Amino acid sequence: LFLSFLCCLPLVAQPSSRSVETILIDNFDTADEMDWTWSVQASKFIHVGETDEDTYPKMGYVEAIPNSLRAYRTAEDGTPYVLGVQVSFDRKGDNWFEVYPVSNETGEAYEIPLLGQVSQIDLWTWGADYNYYLELLVRDANSVVHVLPATMMNFEGWKNVIVQIPTSIRQQSKLRSGPENLTFVGFRIRSATSEYVDDFVIYFDQFRYTTNTMNFVYDGFELRKPNFDSTTS
């Protein structure tokens with residue numbers, strides 16, 4: 001009888017720890033379909049020439065794809081592109097440049113929201129065997145920017161880089177006015193102080209993240225943003 005009573009109780013949906021999915025941020029093939037475009041800025045010793053051809057940093061889309069990803073493409077996917085950046089600095093030292101999203105609507109820096117509880121970010125990046133360091137910048141739910149080491153660029157060709165998100169980074173704020181998601185701020189690439197800096201190139205492709213999108217969903221989740229002005233008495 002007791003077991004029969006339990007079977008009659010309504011089931012309450014709970015957030016599933018298994019609701020994990022991988023979400024594409026940008027594959028760099030369809031720049032006109034995103035809410036953002038990409039921009040680049042560099043430290044003060046970036047080379048500035050008398051013409052645009054001799055002025056850095058330079059950024060653009062190049063027709064290419066990592067060989068490991070070719071098998072997953074079909075003719076309907078169109079031409080594959082990657083995002084590339086070329087820099088040249090006037091002297092060795094702690095040189096850096098940042099690649100970051102810019103809003104198509106406002107033209108200002110834009111932070112890409114990462115939904116749910118993010119466990120890792122991964123991307124493909126191309127190296128030319130230089131001692132440069134790739135870092136990811138993310139902003140947590142307390143509006144603090146964190147610098148996550150990604151990889152040293154001392155390899156040749158394409159490499160799949162996976163960056164784990166530390167559990168110490170807060171991804172949800174208890175404040176209703178606080179940020180709702182972890183956000184991606186940009187890539188930062190730094191040179192080793194003794195490395196050559198007169199000609200460096202990097203490419204990016206298949207920028208994704210893995211997340212539990214159901215982690216913050218609870219019974220009554222839709223009531224978190226009340227609008228009493230539209231309610232009836």
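Strands here are DSSP runs of E at least two residues long, numbered from the N terminus. With that numbering in hand, select phenylalanine 28, which sits in the loop between β1 and β2 of this predicted model. Its phi is near 65°, a positive value in a residue other than glycine. Most residues other than glycine have a negative phi. Phenylalanine 28 has a relative accessible area of 2% and is therefore buried, the limit being under 20%.

Stay in this loop, which links β1 (20-26) to β2 (36-42), and select threonine 30. Threonine 30 is partly exposed, at a relative accessible area of 24%. Add glycine 78 to the selection: 48 residues separate the two along the chain, and their C-alpha atoms lie 9.7 Å apart.

Move next to proline 57, in the loop between β2 and β3 (58-63). Display the backbone here, where a cis peptide bond with omega of about 5° joins tyrosine 56 to proline 57. Most peptide bonds are trans.

Aspartate 129 follows, in the loop between β7 (117-128) and β8 (132-139). For aspartate 129, too, phi is near 65°, positive although the residue is not glycine. With a relative accessibility of 43%, aspartate 129 counts as partly exposed.

Finish at tyrosine 203 in strand β12, which spans residues 200-212. Tyrosine 203 is partly exposed, with a relative accessible area of 22%. Beyond its neighbours within four places in sequence, its contacts include Val82, Leu83, Gly84, Trp124, Trp126 and Trp158. Val62 is another of these contacts; the C-alpha atoms of valine 62 and tyrosine 203 are separated by 8.8 Å, with their positions 141 residues apart along the chain.

Methods. Residues numbered from 1 in each chain as written. Predicted model: local features only at pLDDT ≥ 70, side-chain atom pairs only at ≥ 80, totals over all residues. Heavy atoms only, no water. Helix = DSSP H or I, 4+ residues; strand = E, 2+ residues; numbered from the N terminus. Buried < 20%, exposed > 50% of the residue type's maximum accessible area, 1.4 Å probe, protein only. Contact = heavy atoms within 4.5 Å.
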